[in-house]
Amino acid sequence: MSSLYHFSIDNSKPQLISASATNSNISLTFASLETGLLPGMTPPSTGSFQVNYNGSVNQVQSVNVNTVTEVITLAVNTPMVSGNNLTVTYNESPGNDILNPGGNAANSFTTGNISIASLAWINYQNFLTSKDLNISLSMFLPSNSYSVE
């Protein structure tokens, strides 16, 4: 009795599908026909990435890979603020690649301009001392509800 085996070869490479940034972190989201990036993948070196912020290099301090969400997070040296230009270049380097479970490496890439989200800081003291404001702070302080009249 003979058996028939079917094999499929995965030739799909991880593709960058989005990039975003806040303060000192840049998130690069990938997609692949496989599920996730290669589990246990050694993160690419910081030297594999070049971050250009307003025409200057912003040094990459660390690279973190989340293989489930397919997100690579770059922590950079200089905090970034919205309204400025930001691009990331990745240079594929054999042995230190962005891989999917099929062992396929992402190609080198340069992003377009990445939007930097602004971080909103709320000065609670201003709310509490203002006489013109009538606002509930229960959404900021879940266990207590305060209002200013």
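How many residues lie between β3 and β4 in their hairpin, and which residue in the turn has a positive phi? In this predicted model, two residues separate the strands, and N54 is the turn residue with a positive phi, at about 55°. The pairing of β3 with β4 is antiparallel and extends over two bridges, with Y53 matched to S56 of β4.

A further partner of β3 (residues 49-53) is β7 (residues 86-90), which runs antiparallel to β3 and is joined to it by five bridges. Within this pair, Q50 has T89 as its bridge partner. The two faces of β3 are easy to tell apart: F49, V51 and Y53 make up the covered face, while Q50 and N52 make up the uncovered one.

Moving along the chain, the loop between β4 (56-57) and β5 holds N58. This asparagine is buried, because its relative accessible area is 3%, below the 20% cut-off. Beyond its neighbours within four places in sequence, N58 touches V51, Y53, V76, N77, T78 and M80. Of these, V51 and Y53 belong to the covered face of β3. For N77, a polar atom of the N58 side chain lies 3.4 Å from the backbone nitrogen.

The loop leads on to β5, which takes part in an open sheet of five strands with mixed pairing, ordered β5-β6-β2-β1-β9. Both β5 (60-66) and β9 (116-117) are edge strands with a single partner each, so one side of each has no neighbour in the sheet. The partner of β5 is β6 (residues 71-76), to which β5 is linked in the antiparallel sense by six bridges. Here S62 sits opposite A75 of β6.

How values were computed:
Residues numbered from 1 in each chain as written. Predicted model: local features only at pLDDT ≥ 70, side-chain atom pairs only at ≥ 80, totals over all residues. Heavy atoms only, no water. Pairing = 2+ DSSP bridges. Helix = DSSP H or I, 4+ residues; strand = E, 2+ residues; numbered from the N terminus. Buried < 20%, exposed > 50% of the residue type's maximum accessible area, 1.4 Å probe, protein only. Polar contact = N/O pair within 3.5 Å; in protein donor to acceptor, adjacent residues only side chain to side chain. Contact = heavy atoms within 4.5 Å.
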